[in-house]
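Biologist: Hello! Could you walk me through this structure, one question at a time?

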Amino acid sequence: MAKSVIPIGPFHPLQEEPEFFTLTVDGEMVVDIDVAIGYNHRGIEKLSEMKTFDQSTFLIERICGICSTSHPFAYTRAVEDIIPVEVPERAKYIRTIIAEGERIHSHLLWLALAGHFLGYNTVYMWVWKLREEILDVMEILSGNRNNYAMFKPGGVRRDIKAEDIPVVAKKIDSIIPTVNRLKKAILDDPVLHARLKGIGILTKEEALDYCALGPTSRASGVAKDVRKDAPYGAYDQVEWDMIVTENGDVWDKAVIRILETYESIKIVKHCLTNLPDGEIDLNIKDIPPGEGIGAHEAPRGETFHYVRSDGTNRPARHKVRAPTFMNLPTCKATVPGYTVSDATIILAAIDPCYCCTERVAVVDTKGKQMYNAQDLIRLSQEKTQSLKRKMGIK
Amino acid sequence: MSLKLRALLKSPWVFHLATGSCNNCDIEVLDCLTPRFDIERFGMLLAPSIKHADILLVTGSCNRKSAIRLERLYKQAPQPCLVVAIGECSMSRGMFIHSYNCPLPLDKIVPVSAYIPGCPPKPEAIIAGAVTLIQTIKGTL
Ligand code: SF4
């Protein structure tokens with residue numbers, strides 16, 4: 001039977017971000033899938049080299065709106081790794097609170113969008129309303145609904161006021177009954193069981209092969225979480241559980257996200273009640289030459305930043321690796337063999353975030369790839385060498 | 001005011017287009033459509049295709065790859081189609097003004113009728129912008 005191709009995107013009403021999927025289908029069955037990205041590429045790594053270490057945090061926040069804590073967290077850890085320093089205890093707790101607040105709203109956002117992808121708009125509207133409460137909490141704590149601007153190399157920019165803590169704690173408590181109701185409604189829904197169970201299975205071997213991260217890998221039984229494996233912030237001082245399931249289907253990924261929301265609520269509450277006193281910032285002035293790495297378990301998996309300093313006030317090189325970069329290719333393993341209507345939710349199940357993932361490739365008009373990142377780096381190195389030779393610099 | 005335009009102003013359908021944004025503006029646009037802010041009060045509905053839309057909500061800093069597609073989409077839109085630039089990025093490219101991949105601001109690519117500043121603008125600001133836009137058009141007719 002002849003195979004046909006279904007293009008999805010780049011500006012598709014279901015997706016809030018532009019990306020382009022090509023589904024090759026045989027009847028209703030997807031046999032192959034390809035994805036093209038680049039509609040969001042803004043050259044952040046290069047821009048970061050133009051800004052000072054302190055200014056870069058604001059730029060890094062804007063890699064992705066939903067991960068606007070994860071990226072600065074990993075970046076500031078990388079910068080602190082260069083010196084190296086330990087941030088004050090209070091700053092660690094504040095960072096943890098903000099990071100977990102972000103995880104709650106990110107997981108809720110995913111849940112809402114998953115409902116939307118399934119055509120279950122009641123869940124979408126419900127969850128979105130609930131998510132507003134968390135955004136209110138974040139607004140009380142940081143002054144912003146989305147880009148919190150709390151992080152800086154060496155500590156945090158703002159303190160949490162003592163009078164805000166009871167208000168925030170009460171607000172967080174108030175969302176628990178709604179989350180409970182939501183959990184029950186979703187986990188008991190026979191339609192969702194039928195739609196999500198046993199589809200888009202990523203086996204443990206595949207998860208390891210593709211280096212899947214975060215909830216995508218934990219749903220397949222790979223117990224990996226930076227917060228447990230190499231604790232940072234206040235994660236080693238709080239009791240919390242890593243949620244791992246075995247089946248690797250979309251259902252398990254949903255369950256993991258719902259249960260992780262509870263763990264995050266637990267962590268935020270613990271940190272708020274046990275917030276230690278003291279400094280919140282080390283006031284780092286100079287960054288010595290050297291390299292540093294920083295990792296943070298973002299809602300979607302491990303975010304990794306590498307920063308090299310040459311002793312000036314700007315990063316000489318800044319490399320970002322977002323979790324979706326590793327998770328997106330798993331669609332090659334999970335989507336083929338399912339119907340087109342399942343494909344959307346399987347693709348959504350990894351909670352893709354294309355803003356974080358954008359890479360650049362130069363393509364000529366005939367669609368033939370001419371330069372990839374390696375070639376571009378080689379070209380720029382050759383250029384530097386030739387300039388050096390011309391100017392007689394060794 | 002023509003009957004057609006009067007009808008359109010009663011329920012302007014919006015199409016949302018991200019052209020290299022950080023997602024936050026897009027999420028705030030979706031926020032406007034959901035229960036707390038509920039922009040449907042003003043008859044606004046997210047249209048599934050540009051061919052059904054009266055207002056184009058553009059977020060993001062128009063990178064090289066999406067700028068050409070934005071132009072193409074604008075040509076496909078039924079006229080009159082108003083363009084609203086949401087967020088710092090689409091107004092002036094904000095933080096990405098020095099990027100190698102964001103050569104032009106939005107208003108050099110398509111004509112823009114309203115700018116809503118903020119990074120990201122709060123949903124209240126987006127709603128205020130939308131309402132002001134509708135009233136301005138009513139006033140000029
Ligand atoms: S204006 Fe700000 S929030 Fe909106 S897309 Fe640009 S960087 Fe993101």
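**Two chains and a ligand**

Modeller: Gladly! In chain B, 83% of the contacts with a separation of 6 or more are made by residues 24 or more positions apart. Please keep in mind that this is a predicted model.

Biologist: What percentage do residues 24 or more positions apart account for in chain A, again for contacts with a separation of 6 or more?

Modeller: Here we count contacts in chain A with a separation of 6 or more along the sequence. Residues 24 or more positions apart account for a share of 69%.

Biologist: Which pattern does chain B follow when read along the sequence?

Modeller: Let's start with the pieces: chain B has five helices and five strands. Written in sequence order, they give α-β-α-β-β-α-β-α-β-α.

Biologist: And what is the radius of gyration of chain B?

Modeller: The globule rule gives 14 Å for 141 residues. Chain B comes close to that value, so it is as compact as a globular protein of that length. Its C-alpha trace spans about 45 × 35 × 25 Å along the principal axes. The radius of gyration of chain B is 14 Å.

Biologist: What is the radius of gyration of chain A?

Modeller: Chain A is built with 16 helices and 10 strands, and its C-alpha trace spans about 65 × 60 × 35 Å along the principal axes. A compact globule with 394 residues would have a radius of gyration near 21 Å. The value for chain A agrees with this, at 22 Å.

Biologist: How far apart are the mean positions of the positive and negative charges of chain A?

Modeller: Chain A carries 50 positive and 54 negative charges. Taking the mean position of each set, we find a separation of 5 Å.

Biologist: Where does the ligand lie?

Modeller: Look at its neighbours: R62(A) is one of the surrounding residues, and S21(B), C22(B), N24(B) and C25(B) are also among them. Further along chain B, the surroundings include G87(B), E88(B), C89(B), G118(B), C119(B) and P120(B). With both chains represented, the ligand lies between chains A and B.

Biologist: Which helix gives the largest share of the shell around the ligand?

Modeller: Two helices of chain B, α2 (24-33) and α4 (87-92), each supply at least two residues of that shell. The largest share is three residues, and it comes from α4(B).

Biologist: How many of the 10 residues of helix α14 of chain A are buried?

Modeller: Helix α14 covers residues 340-349 of chain A. Its buried residues are D342(A), A343(A), I345(A), I346(A), L347(A), A348(A) and A349(A). Among the elements that cover them are strands β2 (20-26) and β3 (29-36), and helices α4 (89-117) and α11 (250-273), of chain A. The helix is mostly covered, and its number of buried residues is seven.

Biologist: Is Y124(A) buried or exposed?

Modeller: Y124(A) is found in helix α5 (residues 121-142) of chain A. Leaving out residues up to four places away in sequence, Y124(A) touches A112(A), L113(A) and H116(A), as well as L30(B) and T34(B) of the other chain. Because its relative accessible area is 5%, under the 20% cut-off, Y124(A) counts as buried.

Biologist: Which residue does a cis peptide bond join to I83(A)?

Modeller: Most peptide bonds are trans. Here, though, omega is about -20°. The partner is found in the loop between α3 (70-82) and α4 of chain A. The residue joined to I83(A) is P84(A).

Biologist: What is omega for the cis peptide bond from Q79(B) to P80(B)?

Modeller: P80(B) has its place in the loop between α3 (64-76) and β4 (82-86) of chain B. The bond from Q79(B) to P80(B) is cis, with omega near 0°.

Biologist: C62(B) is not a glycine, so what is its phi?

Modeller: Most residues other than glycine have a negative phi. C62(B) is found in the loop between β3 (55-59) and α3 of chain B, and it is buried, with a relative accessible area of 1%. Its phi is positive, at about 45°.

Biologist: Last one: is N283(A) buried or partly exposed?

Modeller: N283(A) is found in the loop between α11 and β6 (290-298) of chain A, and its phi is also positive, near 50°. Its relative accessible area is 46%, which means that N283(A) is partly exposed.

Definitions and conventions
Residues numbered from 1 in each chain as written. Chains lettered and ligands numbered in written order. Predicted model: local features only at pLDDT ≥ 70, side-chain atom pairs only at ≥ 80, totals over all residues. Heavy atoms only, no water. Helix = DSSP H or I, 4+ residues; strand = E, 2+ residues; numbered from the N terminus. Rg over C-alpha atoms; globule rule 2.2 N^0.38 Å. Contact = heavy atoms within 4.5 Å. Lys, Arg positive; Asp, Glu negative; His and termini not counted. Charge placed at Lys NZ, Arg CZ, Asp CG, Glu CD. Near = heavy atom within 4 Å. Buried < 20%, exposed > 50% of the residue type's maximum accessible area, 1.4 Å probe, protein only.
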